[in-house]
Amino acid sequence: MNGLGHVDDYPEIPVSLAPTSALLKTGAWRSVRPVVAKRTAPCTAGCPAAIDIPAYFDEIRRGELESALDRFLRRNPFPRITGRVCPHFCEQGCSLAVAADEEPVSIRSIERWLGDETADRPHVVEAEPTSKRIAIVGGGPAGMAASFYLRRSGHEVTLFERRDHAGGVMRYGIPEYRLPQEIVDHEVDRLAEMGVEIRTGVSLGDDFSLEDLEADYAAVFVATGAGKQRRSDIKGESLLEPGLPFLEAAKRGEGTALGDRCAVIGAGNTAMDVARTLRRLGAHVTVIYRRTKDEMTAIEEEYERALADRVKFEWLMSPREVKKARNELRLILDHMRLGEPDESGRPHPEPTGVSSELRFDSIFAAVGEIAEIGTFPERMRDDQGWVDVGADGSTRDPKVFAGGDLATGPATVVQAIAAGRAAAQAIDDQLGFSHLWPEEEPVDTVKPAEVNPTYMPHHDRADDHEVEVVTQFAEETATLSDAEAAEETDRCLSCGYCNNCGTCFVFCPDAAIIWEDGPRIDHEFCKGCGICVVECPGHAMVLVNEREVSNV
Amino acid sequence: MSERLLLTGNHAAAYGAMLARAEVISAYPITPQTMIVELLSEMTASGRLPAKFITVESEHSAMAACVGASAAGARTYTATSGQGLALMHEMLHWAVGARLPIVLTNVSRAMAPGWSIWSDQSDILSQRDVGWMMLFAESVQEAQDFILWTYRVAEQVFLPGMVGMDAFILSHTAEPLIVHDQEAVDAYLPKFDPLYDLDPAEPRAYGGLVNRDHYFEMRYKIYENMDRAGQLLVEAGEEFGEVLGHRYTPLEGFMLDDADYVIVSAGAMTSNIRQAVRDLREEGMKVGLLRVIAFRPFPVDEVRRILTGRTKVAVLDRNMSAGHSGIFAQEIRSAMLGQPDAPPIYGYVVGIGGRDVRVETGHQVLHDLLTREEPELALFVGLKGLPIGPVRKDFEIKPLAPLEVMQ
């Protein structure tokens, strides 16, 4: 080689003559390549509204609350409401719980914090006016969500509500201490401010028919809920107080326990609400359920709170008969045991032959609700007599859509919101716009075994604070502080979503990750070792076989 | 201001690294590690020594981290001992080839099995040919000062250096130590100026593949620089005296002027040998002591100058190279080979596996030297049941069956 003819010409150590970036393109050694990939987080997969939780968490982390809210609103218009009452299906799948044996991220509390932080922001109509008029029947969560999405898309929306105010179960069912009325008012006001026309005191069937609406509107969405008390086979049923009207009265400040010793029959969410409301009215309360704690349909959190409220539970007791005797009610109870699973998948309670009697001043029934569907004509029913509703809310009548509890039976607020949104999108599509929200391609869900919690901060989960209750029905929890929300957000592994944490950059042994606005993999030098993929906390990277992407 | 403390050799070494303002210290923190890095970890944690302290999972990785840090321009230090130094072996070569003036302290121990944590020169002398400078400390003061002395030379020739310190009799023994004034040390040891600037904007491959056309030349330069280090050690030792108050030399003589007999020793056992020399002088034996401080580069010329014309020379080895002799004896013999008036060299193997080398051991060796007529490669001192003498020729082995020649 020229210039190395004498020992003095030599460098002290062997150094490449040219920068290695020109010579040693080690990327050619690779058989697989890492790719930054958007994948579905288990929380998102668990959420009925499919909110992209890691993405809006990242925006919160970067202080971009407006963007975080925008992203949230694409899936759910009411973070202040679901942030308080949602059973947080999202948290059940949290990778942190499985991979690190830690409490799941307190997703609902952060949602609530975000909603409260951005409460002042008005909703905006994002599309050009379409002059299409759409009728929404029922002002509960499904109807309100559909109104939001259709109005946002430029349509003229009229919301028909049979009561004095919109809000449905959120206003008249869920007790004040869980969801203050002012929050619901605020959401209704925001809908009205964005131009949703809300007509109250009018009801389908009494004031207008489905056909009337079809004549006047381009599309109709019916979401009148499931507010009809299911009949029980208890003898003397007329002596029972129905649960939902009691809750509604309590919400209006007119609830009365009708005595000191109260029983609540049933163990769903309505039963918990009735029991806890009765406790707040000063009564002693016993919940009576024919199965056990493990089969109850109430969400765990509400059961825990009922216990904390010193509600008593009698399991495996099936009311047979209620009798009035002097000034009290006598409840005859069959003692049960669990048998084979029934069609609900839960063990069927069977009588043991033993019975007993308990005495109460009043007994409340919360044995479930069903939808009132008398206003739907025969042509829209299936052979069971129910309204035939597709996943997007479509019915046998192309102009009529339906959803929420009306279609599913009693469910949760978030499921109703998802149904309202799905129907809104279907209506928008059907009207020929399809200018709603771009739908992300469905992608695979991150599995707990893939994530890497090693480098995440490990501190205790932050839940909404219990607050010292000043008045009977004041909200019982308080929103996280900014600092708590920030710290809790940092616990998120960001499954399937690159939040620019930089772990891959730190660990790449070949310095083949170049940091621009985020990681860019320099495929000239990446040897495909996969360390970045394994180290990525949320596994937002995948290895792709080189043969699938190149001619190597 | 300098201060006078009572410290062990381990802690003295830590003070040496601190005074040198080591910027990166990487070490394996578990056995056979010593309190050297324990104290350094405390110094770095407290901020007293503003350095990066990197714990790793093996001595191999410790030296690898030192290689990286030194290549990046940091003054880099580590410490190890025994099997740890052996595990570092591959990376010791790397530091030489990459011309990185890393300094390490080795607390010299016997090698396993059988497991031993006691004093022995086998671990450090097993690294004789990797190309590191090697100094042997005798005192706690030297355990500290030799680190500074080594850095001063290493950073001129861009070769690494190790300071050997006898396990326990030096590493765990407390002696008065003068901790030098930091400003004076800074004057002696300016900031490290690396051979190459690594520039992330223009990444290059360092230490890559070299063909037959070029390897020899680069290795020759290492040899040349190690050779140059010999003179630099002398100069830097004098500078040490000027700046820090004590002059160090690669060799140290005691009662040599008129000595007919010379005993050669290295490391901490020399202190007892010095007393033995004094005692034998009183008995009328004209004996002197030559202490080898610099083992690499080996001060061949000075050894020749000192030993030429003596009647007999005894060399003490706290090691033995099976199949030959003690390693110091080999080195001395090799230096004297073919010199006119070269004295006969008697190799004595003592103190293996931490067995005490007492003043009396020195007496025995010198009495043996006086009476023994023929020099031997290795004379074993203190084996149970055997007098001082060479390896037995008549001991029985279990021979293989005689070969049957195939037709």
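**Reading the terms in a predicted model**

Me: In chain A, of the contacts between residues at least 6 apart in sequence, 72% join residues at least 24 apart; what makes two residues count as being in contact?

Reply: Two residues are in contact if their C-beta atoms, placed from the backbone, lie within 7 Å. This is a predicted model, in which local features need pLDDT of at least 70 and side-chain atom pairs count only at pLDDT 80 or more, while totals for chains, interfaces and linings use all residues. Residues are numbered from 1 along each chain as its sequence is written, and chains are lettered from A and ligands numbered from 1 in the order in which they are written.

Me: Why is helix H12 of chain B called largely enclosed?

Reply: A residue is buried if 20 or more other C-beta atoms lie within 10 Å of its own (exposed if 12 or fewer, partly exposed in between), with C-beta atoms placed from the backbone. Seven of the 10 residues of H12(B), which spans 327-336, meet that cut-off, so the rest of the structure largely encloses this helix. Among the buried residues are Ile327(B), Phe328(B) and Met336(B), and their cover includes helix H11 (300-307) and strand E13 (312-317) of chain B. In chain A, buried residues make up 45% of the 552 residues.

Me: How do you know that strands E5 and E16 of chain A are paired?

Reply: Two strands pair if DSSP finds at least two bridges between them, where strands (E, at least two residues) and helices (H or I, at least four) are DSSP runs numbered from the N terminus. Three bridges join E5(A), residues 219-222, to E16(A), so the condition of at least two is met. In one of these bridges, Val220(A) has Val400(A) as its partner in E16(A).

Me: What makes strands E4 and E16 of chain A edge strands?

Reply: The open, parallel sheet has five strands in the order E4-E3-E2-E5-E16. E4(A) (197-200) and E16(A) (400-402) each have a single partner strand, so one side of each has no neighbour in the sheet. From one strand to the next, the twist averages 20°.

Me: What does an angle of about 170° say about helix H17 and strand E5 of chain A?

Reply: Axes are lines fitted to C-alpha atoms, for helices over the stretch in contact, and angles run from 0 to 180 degrees between N-to-C directions. Helix H17(A), residues 413-430, lies across E2(A), E5(A) and E16(A), and runs at about 170° to E5(A), so on this scale the two N-to-C directions are close to opposite.
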